[in-house]
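Visitor: Please show me the model, and then let us go through it by question and answer.

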Amino acid sequence: MAYRGISAAALVLVLCASCELPTVPSESPAYEPSLFVDFQTRLIYHWPLGRTISIYTGIAGGSADDDLRAAILSAAAGWNRAVYYREFDIRLVNSPLDADVIFHLDVAPPIVDTNSCEGILLGAGGVTYFCVDEGLTAILSLPLAGSSSAQSRVKFDVTISSDPLQVPTRERFFGIVAHEMGHVLGIASHSSDSADLMFTAPSISQPSARDARTLRWLLHQPSDLDL
Amino acid sequence: MAHSNRSTEIALAVVLTLASAPSASAQRSTRAPNWYAEAAVSIARPLVEDGNGTTVRPGISPVGGITAGWLTGVRTMVTVGLQGGAFSLRLEDGGDSWNGGNAWQVDIMGGVEYQIAGCAERSSRGCTSARGALGGTLLAGSDDVLPFRFGGGRLHPAGALGVTVRLLEKRALSANLLAHAFRLGGSGADNPISTSGTALQFRVGGRYGL
C-alpha cells in the first residue's frame, strides 16, 4: 500500500516536472535594426544585459536643459516599458566622468572630442555619434574634450538640434530624444514605417509596438560589438 | 483571467467544503483543529521561459506558514494552510545573468493527508503520510519583470503533493517533502505569456505541532 502510494506520488511529480513552462513566444524584429557597415557586413550592438546606462546632459543654459532632462527621462521610461526583463536601466549623472552617454543640444559646448576617430553618425533632427575599432569588435570610448580617452567611459555622444525648423514643437523634441535613445540602446537602422519612433523623421515621442518588438528581439541577440 | 480565477474559486470551494463537512467517523473525532507551524526551503523551476532567450529563475528561498488540521478518520486529516515566502529572481540569457529583483508568494491551500506507512499510532516515529492540496498562489514582484509586468498579484490556481514523515514520538516534529505547482500565463490579450504553463517548486522542510 505504502509502496504504491509513494510510487504514485513519484509518478505525479515526474509528470508535473515535465509539464510545459509558462512561455513567451519568440519574436522577430519588425524592421532591420543592424548597423550596416557595408553591403556585406551588418553588426548588432547593445549594452550588456542588466546594465545601468549613465547619461550626462550637456549644459546649454536656460530652460532648454530642463527640457532635455525631461525628454531623456520620458524616453527612458518609454523604452523601459518596451522590454520585459529590465534588460537595462537609465539614470542621469552629474559628471561626464561617470557617463556612458552624453546628450546635449547643438548650442552647448562640446563635451567629447568627436574628431578622435572617423565616427558613425546616426540621426534624425539629432545625431548619435560613436566610434568602432578597426577590427569591428568594440565601440570605443570617446575622449572627453581636453583629456585622454583613458579617463572617459563615454561610448555615445548625442547631439539634439535646437533649430526651430527641425524641432518645431516640444512633442517633436521629445520624439527626437527618444529616437536617438533608440540608437544608443542598439537600434542602429531606421524603420521605413512613418508610424514608428525609429522612422527617419519620427512623428511620435514614444516607441511604437513595432519599435518595442524590434528592441526586445535585438537585446537577446549576441552583440557583435563590445560595449 | 476570468477562467483562471474561476478555477481557483472552484478548487477552493471543493477543498473548504471537504474541510467543513467531515465524515461520520470525524463526528467522533475532536472538532478543534491541530495547529502546525511549517518551515521549508524552496527550490524552483524557472517561472517563465521567453522564446527570445530569457529565463526567469527564482532563487532558493525560505517558506514558512501555518496549517490547521482536522482528523476525519483513523488515517485521514483534512488541512487548511497558509504559507508565504520571498525569493530573488535571476534573469538569464545564454551566458548573461542579471538581477530581476525580489518576489513574494502566498499560498492558500486546502488538502488531505493520508497515512500510508509506519503508523501503528499517529505519533509513531517514521509514520509517513501522503499529502495533497488544492488552492491558490498569490504572486507579486517587480512590475518591470515578467510575470509581474502585466497584472502581477493575481491568484493562480495551485496544487501540491508530497509526503510527511514523523521524526520524533514525543514531539510532533515531522519532515516534509512537497511539490507545489501553480499555473501561470495565458490570461489576457496584454500578457505576453501567451502559452500558460506550470511553475513548480520543491520544498524540503519541517513541521511542528503547536
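Visitor: In chain A, what share of the contacts with a separation of 6 or more comes from residues 24 or more positions apart?

Guide: Two residues are in contact if their C-beta atoms, placed from the backbone, lie within 7 Å. This is a predicted model, in which local features need pLDDT of at least 70 and side-chain atom pairs count only at pLDDT 80 or more, while totals for chains, interfaces and linings use all residues. Residues are numbered from 1 along each chain as its sequence is written, and chains are lettered from A and ligands numbered from 1 in the order in which they are written. Among chain A contacts with a separation of 6 or more, the share from residues 24 or more positions apart is 70%.

Visitor: In what pattern do the helices and strands of chain A follow one another?

Guide: Helices (H or I, at least four residues) and strands (E, at least two) are DSSP runs, numbered from the N terminus. Chain A has four helices and nine strands. Along the sequence their order is α-β-β-β-β-α-β-β-β-β-β-α-α.

Visitor: Which helices are included in what covers the buried residues of α4(A)?

Guide: A residue is buried if 20 or more other C-beta atoms lie within 10 Å of its own, exposed if 12 or fewer, and partly exposed in between, with C-beta atoms placed from the backbone. In helix α4 (residues 209-219) of chain A, the buried residues include D211(A), L215(A) and L219(A). Their cover includes α2 (63-82) and α3 (170-185) of chain A.
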